[in-house]
Amino acid sequence: MRESGTVKGRAAGFNPPNKFEKLHRLPLDLEPEDDDPRPVRTTFYEDTSRSILAHNDSPDIDFRYSLNPYRGCEHGCIYCYARPSHEYLGFSAGLDFETKIMVKMRAPELLAATFRRKSWEPQIVVLSGNTDCYQPVERKLQITRKCLEVFLEYRNPLGIITKNALILRDLDILRELARYDLVHVLVSVTSLNPELIRMMEPRTSTPAQRLATIKSLSENGIPVGVNAAPIIPGLTDEELPSILRETASCGATSAGYILARLPGPVEPLFTEWVRRALPERAAKILNRMKDTRGGALSDARFGSRMTGEGEIAESINALFRVHASRYGLDRRWKEVSTAHFRRGGDAQRSLFDR
């Protein structure tokens, strides 16, 4: 395998045009002044949104509200379905998505204000419904940690989806949330091949770190499952049995998977990447992906967009079900509780009576 990216540490090789912008800026094709061009640096911008929860009405998603402290993601996963959302901000879904990050500094304050409203009905809120809440800058800004403190203060349930071992920094809060049945965690494991992960998800935790994260969460009494996603036919589908086996041995109690889809600008980004990073396998991967999407590389239809269709998609589903059952990952975990929710003054006293 070859090292990915024309830019060190990035998966996207270019910025595709933003369909919402009339003008597309292309860099001039000039010779660099030296042989050591500077890497593309990450720039952070403050997001001044006045609300913090995103409402989901998709019939194939089983939660209504999600919270994303960051828009854009330094993890840089080349297949990420969230990339097109960056176009609404005037950026590109390519390198901009990985290097121009919007930061919601007021997220904890806005979340607390939401929970204080009489109209709020306590229910699960999912962190990382779009971009990872534990991406690298969280180590410094701690916005996600402060949001966890709000969830604990008001005792509103939450789910967390992440592929970053940084979540272990917050074990103290997660343990308290688990005491009241308020939290579930899904750790995304795309592949157990560290070389592939470095190319495909350049700034995420290694597979070994993710397995260690599952083990630590489990040992601390925090319900944890594995999100084997996305499954990329012809590339990672063959790893599905080993992913389920290894994560179960580390303490995962449930599992799910999603088939890769490449909406809008993600298609040319992924196609360019796979031909550059895996030239000898590119044709097979792209053809198999098309076989699961009726000849296309994406499918936005509810009911099929998560699992695909056709013989290859059906065989992947069967493979998942057999091994999830074999390793005890086909059980439904205990539902999170809304019974402990506290609003207003009661919540303010929670620090003194936990």
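**Salt bridges and buried spots, by the numbers**

Visitor: What makes R169 and E138 a salt bridge?

Guide: In this predicted model, the closest N and O atoms of R169 and E138 are 2.7 Å apart. The cut-off is 4 Å between a side-chain nitrogen of Lys or Arg and a carboxyl oxygen of Asp or Glu, so the pair qualifies.

Visitor: What does that pair tie together?

Guide: R169 sits in the loop between β7 (158-162) and α5 (171-179), while E138 belongs to helix α3 (residues 138-141), so the bridge links parts that are 31 residues apart in sequence.

Visitor: Are those two partners buried or exposed, and how do you know?

Guide: E138 has a relative accessible area of 0%, and buried means under 20%, so E138 is buried. R169 comes in at 28%, between the 20% and 50% limits, so R169 is called partly exposed.

Visitor: Why is D299 with R301 called a salt bridge?

Guide: Their side chains meet at 3.0 Å, N to O, and that is within the 4 Å limit, so the name fits. D299 is at 7% relative accessibility, so D299 counts as buried. R301 has 46%, still not over 50%, so R301 is partly exposed.

Visitor: Which residues are joined into one network by salt bridges that share partners?

Guide: That would be E138, R145, R169, D170 and D172. The whole structure holds 16 salt bridges.

Visitor: How do you know that D96 and K100 form one of these?

Guide: Their closest N and O atoms are 3.3 Å apart, and 4 Å is the limit, so D96 and K100 make a salt bridge. With 12% relative accessibility, under the 20% mark, D96 is buried. K100, at 23%, is past that mark but not over 50%, so K100 is partly exposed.

Visitor: Why is S92 called buried?

Guide: Its relative accessible area is 4%, and the cut-off is under 20%, so S92 is buried. S92 lies in the loop between β4 (70-71) and α1 (95-99).

Visitor: What makes S92 and G94 a polar contact?

Guide: A polar atom of the S92 side chain lies 3.1 Å from the backbone nitrogen of G94. The distance limit for such a pair is 3.5 Å, so this one falls inside.

Visitor: Which residues of helix α8 are buried, and what do they pack against?

Guide: In α8 (residues 240-249), the buried ones are L240, P241, S242, I243, L244 and T247. They pack against α7 (207-219), β9 (224-231), β10 (255-259) and α11 (311-326). Just after α8, G251 takes a positive phi of about 115°.

Conventions
Residues numbered from 1 in each chain as written. Predicted model: local features only at pLDDT ≥ 70, side-chain atom pairs only at ≥ 80, totals over all residues. Heavy atoms only, no water. Buried < 20%, exposed > 50% of the residue type's maximum accessible area, 1.4 Å probe, protein only. Helix = DSSP H or I, 4+ residues; strand = E, 2+ residues; numbered from the N terminus. Contact = heavy atoms within 4.5 Å. Polar contact = N/O pair within 3.5 Å; in protein donor to acceptor, adjacent residues only side chain to side chain.
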